[in-house]
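Here is a friendly walk through one protein model, starting from a single side chain and working outwards. Keep the viewer open as you read.

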Amino acid sequence: MDMTQPSELCAFFDTLPQPVLLLRGGTVVYSNPAAVRALPLPEPGSALPEFLAELADARGAVSASCLAGGHLWSVAASYSQQGLLVFFQNGGAAPGPGFQLPVLVEQMRQHVGNLVAATHLLTPVIREHGEARYDQYLAIMNQSFYRLMRLMNSADTARALDNGALPFRPASLDLAGLCRELADQVTHLAGMAGVSFRYESELSSLLTTGDAALLRRLILSLVSNALRAAGRGGEAGLRLAKPGRRALITVWDSGPGLGSGMESGGPDSEPIYRSGGGLGVGLSAARQIAALHGGAVMLESRSGKGVRAAFSLPVQPPEGCGTLRTPSPVGDVTGGFSPVLVELADLLPSEAFLPDDVD
């Protein structure tokens, strides 16, 4: 393949936010837009800059770092018959006393984004030749991306909890619409995991004030625990009620309960309540989200009869009520990934992540 001519691969490199170069015969024969913006590239016919000249003699995979364009870059280079393909990644903070978890998580998000973009470009190429048998492998890749997103979100949450607060951005929202929207999505996915899930509420709308992204996270965390506890052949559900001036969200399951010695739900037992995958911060985050909304999360367990998790919060109708709207996931930390699929990624079979279902 001639990399100096337009190609699907070049078109893909053109979309990447990281600089990409192809070196051949001591010259740069291809540079993507990110490289043009960020790197000091030589004029045609000019000698390579020092940071590229040292790579040009490589005859295998190279991993290095360099200073170019005023930035520290991590460089990965691989030699092929077309020349030396060079990828640049912003070096970010150097490991050591100044290392920050957000830098690691953000770089992981960038890598996952690149992998997702590459998978989306490859998927139609594979499927247009009638190779449906490869769908199962594409589904496994997609599921892994969602699981990675869940781990990164858990890392962000753990850091926020260590700092003493989650970001809280209250606004007007329709709590009934939010619960109904999540239940509609969860019901089908739970069925794929072999769990019967149902939503119960007599409220068509419930206007209040709260952080939609945080409430979505709280509900999905409790639902994920319930589905895991119920197991294949079990039952779980979500209820919304309004006793007096409070909203009561209840998530229940038909599982075995918390187990011997844990029914009291004391401070030592609650944090390990079915942490499942991720970093085990789900309940801690749920309790803080509840507190931010002036409420609390309570667990009730009866051995052999499952767990009932109840979240109660005051209803605070916003001033100057306008049109009721169900909050959308826009602005969530999932970066375009379905929040429901992210939270349930460790529970669902890979068939839930087939290309047609996640596009």
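Which backbone atom lies 2.9 Å from a polar atom of the side chain of Thr208? That atom is the backbone nitrogen of Gln316. Please bear in mind throughout that the model is predicted.

**Around Thr208**

Thr208 belongs to strand 8, which covers residues 207-210. Its relative accessibility is 2%, so Thr208 counts as buried; the cut-off for buried is under 20%. Setting aside neighbours within four places in sequence, Thr208 touches residues from two stretches of the chain, including Ala171, Ser172, Leu173 and Leu175 on the one hand and Pro314, Val315, Gln316, Pro317 and Pro318 on the other.

**The whole protein**

Stepping back, the protein has 359 residues, and 44% of them count as buried. Its secondary structure comes to ten helices and twelve strands. Among contacts with a separation of 6 or more, 66% are between residues 24 or more positions apart.

**Helix 7 and its two partners**

Helix 7 (residues 212-230) is a good place to look next, with helix 8 (residues 282-292) as one partner. The axes of these two helices come within 9 Å and cross at roughly 140 degrees. That angle makes helix 7 oblique to helix 8, because only angles over 145 degrees count as roughly antiparallel. The crossing of helix 7 past helix 8 is left-handed. From helix 7, the residues making this contact are Leu214, Leu215, Arg217, Leu218 and Ser221, and from helix 8 they are Gly282, Ala286, Ile289, Ala290 and Leu292. Sorted by class, the residues of this contact are seven nonpolar, two polar and one charged.

Within helix 8, the buried residues are Leu283, Ala285, Ala286, Gln288, Ile289 and Ala290. After helix 8 comes Gly294, which has a positive phi near 75 degrees.

The other partner is helix 6 (residues 175-192), whose axis comes within 11 Å of that of helix 7 and crosses it at roughly 35 degrees. Here the crossing is right-handed. Helix 6 contributes Leu175, Leu178, Cys179, Glu181, Leu182, Val186 and Ala190, which meet Ala212, Leu215, Arg216, Ile219, Leu220, Val223 and Leu227 of helix 7. By class, the contact of helix 6 with helix 7 has twelve nonpolar residues, no polar ones and two charged ones.

**Leu218, a residue of helix 7**

Is Leu218 buried or exposed? Leu218 is buried, with a relative accessible area of 1%. This residue of helix 7 is in contact with Ala286, Ile289, Ala290, Val297 and Phe311, once neighbours within four places in sequence are left aside. Ala286, Ile289 and Ala290 are also among the helix 8 residues that make the contact with helix 7.

**Two residues of helix 5**

Helix 5 spans residues 135-162 and holds Asn142. What lies 3.0 Å from a polar atom of the side chain of Asn142? The backbone oxygen of Phe353 does. Asn142 is buried, its relative accessible area being 6%. Beyond neighbours within four places in sequence, the contacts of Asn142 are Thr119, Phe353, Leu354, Pro355 and Val358.

Phe145 lies in helix 5 as well. At 7% relative accessibility, Phe145 counts as buried. Leaving out neighbours within four places in sequence, Phe145 is in contact with Val112, Leu115, Val116, Thr119 and Phe337. Thr119 thus appears in the contacts of Asn142 and in those of Phe145.

**Pairs that are apart in sequence**

Strand 4 (residues 71-80) contains Ser78, a residue that is partly exposed, with a relative accessible area of 40%. Ser78 joins Leu218 and Phe145 in the table below, which gives the sequence separation and the C-alpha to C-alpha distance for a pair involving each.

| Pair | Apart in sequence | C-alpha to C-alpha |
|---|---|---|
| Ser78 and Leu22 | 56 residues | 9.7 Å |
| Phe145 and Gly113 | 32 residues | 8.8 Å |
| Leu218 and Phe311 | 93 residues | 9.1 Å |

Leu218 and Phe311 are also in contact.

Terms used:
Residues numbered from 1 in each chain as written. Predicted model: local features only at pLDDT ≥ 70, side-chain atom pairs only at ≥ 80, totals over all residues. Heavy atoms only, no water. Helix = DSSP H or I, 4+ residues; strand = E, 2+ residues; numbered from the N terminus. Buried < 20%, exposed > 50% of the residue type's maximum accessible area, 1.4 Å probe, protein only. Polar contact = N/O pair within 3.5 Å; in protein donor to acceptor, adjacent residues only side chain to side chain. Contact = heavy atoms within 4.5 Å. Axes fitted to C-alpha atoms, helices over the stretch in contact; angles between N-to-C directions. Parallel < 35°, antiparallel > 145°, perpendicular 65-115°, else oblique. Left-handed = near helix turned anticlockwise from the far one by under 90°. Nonpolar A, V, L, I, M, F, W, Y, C, P; charged D, E, K, R; others polar.
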